[in-house]
Amino acid sequence: MTESTALKSEHRTVLLRGGEVHSPADPFATAMVVEKGHIAWVGAEGAADAFGAGVDEVVDLEGALVTPAFTDAHVHTTATGLALTGLDLSGAASLAEAAALVRKYAAARPDDRILIGHGWDASRWPEGRAPRRDELDEVAGGRPLYLTRVDVHSAVVTTALLDLVPGIRSLAGFRADEPLTGDAHHAVRAAAYAALSPQQRTEAQRVALRHAASLGIGTVHECGGPDISGEEDFTGLLKLAAQEPGPRVVGYWADRNVERAHSLGALGAAGDLFVDGSLGSHTACLHEPYADASHTGTAHLDAADIAAHVVACTDAGLQAGFHAIGDAAVASVVDGMRAAADKLGLARVRAGRHRVEHAEMLTPETVAAFAEFGLTASVQPAFDAAWGGDQGMYAQRLGPGRARTLNPYAALLRAGVPLAFGSDSPVTPMDPWGTVRAAAFHRTPEHRISVRAAFTAHTRGGWRAIGRDDAGVLVPGAPADYAVWRTDELVVQAPDDRVARWSTDPRSGTPGLPDLTPGADLPVCLRTVVFGQTVFVTPNG
C-alpha cells in the first residue's frame, strides 16, 4: 500500500510530551517523537528533554492520552456520507414517525431526482412491519424513493423508482408490497445511486472520511463491489483519498472477476462478496429455519464457487474474502477453503490471509477451521450491542438459544483467529470506542474479551488484516498514525474482575486504557494524525 500524495508533503519532527502514550515499548511512556511520518521514539518525560532542541514542534499534551489511530475494517463510505447528510431513519421509533420524516425530507428537497434514505428497522416498531409501497408513494408525493433497511440487505421503494428499472418485477427478490432483496434490491440500488452526480458522490465520500477522522480513525477498509456501489464510486474514493489529507482508504472489491478487482486498485477481491444475506432481512443462510419464518434464507455461493475464488485470488496474489453470516454460509466458506487448500496446499492458503466478513453464526468446528486456514474474522461488535440479548432482533429471528451463540469473540481469540473490528457503516455508526466497549461487555458474557484485546482488534488488527504487521502500534519504526484523546483515569479491564484488579497494579506493567464500563463517558478525540500529518483537530481544543 502506497502513501497518498496528500500525505507526502514535507514532514515536521514533533515531540509530544506531558501525556500518556499507549505503547508496548514502554507501558509508562509520557512522550513520543514523530519524524518523517514514523514513530522515532517513545519514553518517559525526563528523557524527552534530550529531544527538545532538535525538533520542529513541541506539543504539550496536558495529560491527554495518545493511542494508535483506529482502523475501521468494514465501511461503505459513500453510503455513510449520504446517511450523515441525508434522510436518516435510524432514530424513527415507529412506522408513523418514519413516514413523517420521509414526508418532511421530500418537501425540503424538491429538486432531487431520487430521494435516498437509510436506517429503518421494523423489528423495533410497534407496527411490526415495513412501509407498504402505497404508503411510500403518498408520503413521497409520487417521486422515486429508495429506503434501505438498517442492515442494507433489503429496501422499500416507491412505484416511481420501480418504473425506472425495466424488468424489475421479474428479478429474484421482488415481492409485491414487501421489502426488496437479492437481485431486485441490487437493481433498484444501482438506479438510485446512478442518479447521484459525481459532485454529490464525492461530497458524500468527503463527509464520511472527515467524520471518520474526527473519531480518531486513521484507516478505513472500503467494501465495494458491483452489487454494492459501482466502479466509478470505488475508483473515485481511492482517488479522493490519495489527493486529500484524511484517513487512509484500503479498497476491497467484491467480485469473482479477480482481474477486474486488481485493475480497479483493490487489495483483494473480497469484502462483501455475498455467500448469504443478513439475519434482519431473513436472508442469512441457516442450517435450520428461522424462528419467525418457514425458510432457511438465501445462499449466493456454494463451496465450489468459494474454492474456485480462493484459488484464483491466491494465484493472483490477492486476498480473497467473503460475506458470511448464517451458520450454513460460514460452513460453505470453510468447505471451500478446505477444497482450495487441498489443491494449493495449506501453507499457500494461510499465507493469503483471506478474510471473512461478519462471521456471526460460528460453531466450535468452524472456529477451529478459521484458525487452521489462517482466516481473519472481520467482525462488528456493535451488531451485538444493537441486536443481541434475549429480547433483541437476533432472538426474534433465531430464538434465544441460537441467538446466544452469535459473535463468539472469546472463542475466536482462544483459537488464535485474528480479529479485525469494524462498523459496517452505515449499518452501525463508526464509533471505535463504542465498538471496543461492545466487545468487552458483550450481551452474552462468555463471548466477552478484555478491553485491551478489543482495542488491539480495532487498531493493530485492521493492519494485520491487510498483511501489515508493522503498524497499528506506537513503537519506533511504525507509521505515525495516532490519535490524541481527552479521557478520565486509565485502567485495565478484563472479563474476569480478578484480572482487572491485578492489572491496575503499576507492577503489572500493563498499559492502561480508558474506563469503558457501560454508562461511563467515552473518550473525546482532540487530534488525529495519519503518516505524521494532522487530518483532524477538534474545533473546541
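Colleague: What makes up the charge count of the protein chain, and how far apart do the centres of the two sets lie?

Modeller: The protein chain carries 46 positive and 65 negative side chains. The centres of the two sets lie 1 Å apart. Histidines are left out of that count. Bear in mind that this is a predicted model.

Colleague: Why is the protein chain called as compact as a globular protein of that length?

Modeller: Start with its make-up: 21 helices and 23 strands. The radius of gyration is 23 Å, and the globule rule gives 24 Å for 541 residues. The two values are close, so the chain is as compact as a globular protein of that length. The C-alpha trace spans about 70 × 55 × 45 Å along its principal axes.

Colleague: What share of the residues counts as buried, and what share of the contacts joins residues 24 or more positions apart?

Modeller: Of the 541 residues, 58% count as buried. Among contacts with a separation of 6 or more, 71% join residues 24 or more positions apart.

Colleague: What does the protein chain expose?

Modeller: About 21,200 Å², with carbon and sulfur atoms supplying 51% of it.

Colleague: Why is arginine 17 called buried?

Modeller: Its relative accessible area is 19%. The cut-off is under 20%. The value falls under the cut-off, so arginine 17 counts as buried. Arginine 17 sits in strand β1, residues 14-17.

Colleague: What makes its pairing with glutamate 45 a polar contact?

Modeller: The two side chains come to 2.6 Å. The limit for a pair of N or O atoms is within 3.5 Å, so the distance qualifies. Beyond four places in sequence, arginine 17 also touches others, including Ala48, Asp49, Val58 and Glu62.

Colleague: Glutamate 62 is on that list. Is glutamate 62 buried or exposed, and how do you know?

Modeller: Exposed, at 70% relative accessibility. The threshold is over 50%, so the label follows. Glutamate 62 lies in the loop between β5 (57-60) and β6 (65-68).

Colleague: What makes the backbone of glutamate 62 worth a remark?

Modeller: Phi is near 50°, a positive value in a residue other than glycine. Most residues other than glycine have a negative phi. Asparagine 407 also has a positive phi, about 55°, and is not a glycine.

Colleague: Where is asparagine 407, and is it buried or exposed?

Modeller: Asparagine 407 lies in the loop between α16 (400-403) and α17 (409-415). Its relative accessibility is 1%, under the 20% cut-off, so it counts as buried.

Colleague: Why is the peptide bond from serine 425 to proline 426 singled out?

Modeller: That bond is cis, with omega near 15°. Most peptide bonds are trans. Proline 426 lies in the loop between β18 (419-421) and α18 (432-440).

Colleague: Which residues does histidine 74 contact, and why is histidine 74 called buried?

Modeller: Its relative accessibility is 0%, so it meets the under-20% rule. Histidine 74 is in strand β7, residues 70-75. Its contacts beyond four places in sequence include His221, Cys223, Asp272, His358 and Ser425. Closer in sequence, its side chain makes a polar contact with that of histidine 76 at 3.4 Å. That distance is within the 3.5 Å limit, so it counts.

Colleague: What makes helix α2 largely enclosed?

Modeller: 7 of the 9 residues of α2 (77-85) are buried, so the rest of the structure largely encloses it. Among the buried ones are Thr77, Gly81 and Leu82.

Colleague: Is histidine 153 buried or exposed, and where does it sit?

Modeller: Histidine 153 has a relative accessible area of 16%, under 20%, so it is buried. Its place is in the loop between β10 (145-149) and β11 (155-157). Its contacts beyond four places include His185, Phe274 and His323.

Colleague: How do you know whether histidine 309 is buried or exposed?

Modeller: Relative accessibility is 3%, under 20%, so histidine 309 counts as buried. Histidine 309 belongs to helix α10, residues 303-316. It touches Asp255, Arg256 and Phe322, among others beyond four places in sequence. Alanine 269 is also on that contact list. Histidine 309 and alanine 269 are 40 residues apart in sequence and 8.6 Å apart, C-alpha to C-alpha.

Key: Residues are numbered from 1 along each chain as its sequence is written. This is a predicted model: local features need pLDDT of at least 70, side-chain atom pairs count only at pLDDT 80 or more; totals for chains, interfaces and linings use all residues. Side-chain values use heavy atoms; hydrogens and water are left out. Helices (H or I, at least four residues) and strands (E, at least two) are DSSP runs, numbered from the N terminus. Buried means under 20% relative accessible area, exposed over 50%, partly exposed in between (1.4 Å probe, protein chains only). A polar contact is a pair of N or O atoms within 3.5 Å; within protein, one must be able to donate a hydrogen and the other to accept it, and residues adjacent in sequence count only if both atoms are side-chain atoms. Contact means heavy atoms within 4.5 Å. The radius of gyration is taken over C-alpha atoms; the globule rule is 2.2 Å times the number of residues to the power 0.38. Accessible areas come from the Shrake-Rupley method with a 1.4 Å probe; for residues, only the protein chains shown count as cover. The place of a charge is taken as NZ of Lys, CZ of Arg, CG of Asp or CD of Glu.
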